[in-house]
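Open the model in a viewer and keep the sequence panel beside it. The stops below say what to select and what is there.

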Amino acid sequence: MSNVSSSGPPMAASPLTRAVLEIDEYASGLGWDQPARLFALVDTARLRTQEPGLAAQLGLDGGEAAAPLTPVEQDEIPAGTALDEFLGTIAWPDAVAGCALTVERLMLPPSAESSVPDGLDEAALAKWVARHPDRQEVRMTVAVLRDGARESALRLREKDSPNEVLTGADLVPGLAEALTATFEA
């Protein structure tokens, strides 16, 4: 486990938005072409009180200015495991307030959707998208809380700057729903 720390996103952002931007910044520091990464989101104050040793290990035993939610990176997602299958195996302990996932994908602009050939299976579609001249590499960071709150951050590889990160609650609804389902087990 490692704590994700950084100079941090704007203080005015909601705790969930701050956590998503913190994870995006952490992933950005690792570079592109990375595997998907899963994070538990824990209530920082609760962690300090209930697990002071872990809080100290994560560097959260210091000042009072810590973010309300602390992202804690989980073990690596097993290679060759489909993301939806992996997410279906997760059961979070009560101490986990939410979770987040960062994953890289290729995407096409809406204008290209009409040219997608009919009848492609998932593998053939992926190959078709990978060869499309208008494809974009994107890193998606999606976070959800137990109460249903959600937030996302999208970063295009060609506009790889913190000032170009797009945020919003419903940017990646399918992934947000899959993450929310990990709390329903």
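Select Ser 115 to begin. In this predicted model, Ser 115 is partly exposed, because its relative accessible area of 40% falls between the 20% limit for buried and the 50% limit for exposed. Ser 115 sits in a loop, with β4 on one side in sequence and α5 (122–131) on the other. Now show its surroundings, leaving out residues up to four places away in sequence: Ser 115 touches Trp 128 and His 132.

Next, zoom out to the whole chain. The protein has 185 residues, of which 40% are buried. Colour by secondary structure and you will find 6 helices and 7 strands. Read from the N terminus, their order is β-α-β-α-α-β-α-β-α-β-β-β-α. Turn on a contact map if your viewer has one. Among contacts with a separation of 6 or more, 67% are between residues 24 or more positions apart. With a surface displayed, the exposed area comes to about 10,100 Å², and carbon and sulfur atoms supply 51% of that area.

Now select residues 15–30, helix α1. How far apart should the ends of its 16 residues be? At 1.5 Å a residue the expected span is 22 Å, and the end C-alpha atoms are 23 Å apart, which agrees. Show side chains along α1 and pick out the buried ones: the run Leu 16, Thr 17, Arg 18, Ala 19, Val 20, Leu 21, Glu 22, Ile 23 and Asp 24, and then Ala 27. To see what covers the buried residues of α1, add the strands β2 (37–43), β3 (69–73), β4 (96–107), β5 (136–145), β6 (150–156) and β7 (166–168), which are included in the cover. Step past the end of α1 to Gly 31, which follows the helix and has a positive phi, near 90°.

From that set of covering strands, keep β3 in view. Is β3 enclosed or open to the outside? Since 5 of the 5 residues of β3 are buried, β3 is largely enclosed by the rest of the structure. Display the side chains of β3 to see its two faces. Leu 69, Pro 71 and Glu 73 point one way, while Thr 70 and Val 72 point the other way; all are buried.

Finally, add β2 to the selection. The strands β2 and β3 run antiparallel and are joined by 5 bridges. Which residue stands opposite Thr 70 of β3? Label Val 42 to find the partner: Val 42 is opposite Thr 70.

Conventions. Residues numbered from 1 in each chain as written. Predicted model: local features only at pLDDT ≥ 70, side-chain atom pairs only at ≥ 80, totals over all residues. Heavy atoms only, no water. Helix = DSSP H or I, 4+ residues; strand = E, 2+ residues; numbered from the N terminus. Expected span 1.5 Å × (residues − 1). Buried < 20%, exposed > 50% of the residue type's maximum accessible area, 1.4 Å probe, protein only. Contact = heavy atoms within 4.5 Å. Areas by Shrake-Rupley, 256 points an atom, 1.4 Å probe, with all protein chains shown as cover. Pairing = 2+ DSSP bridges.
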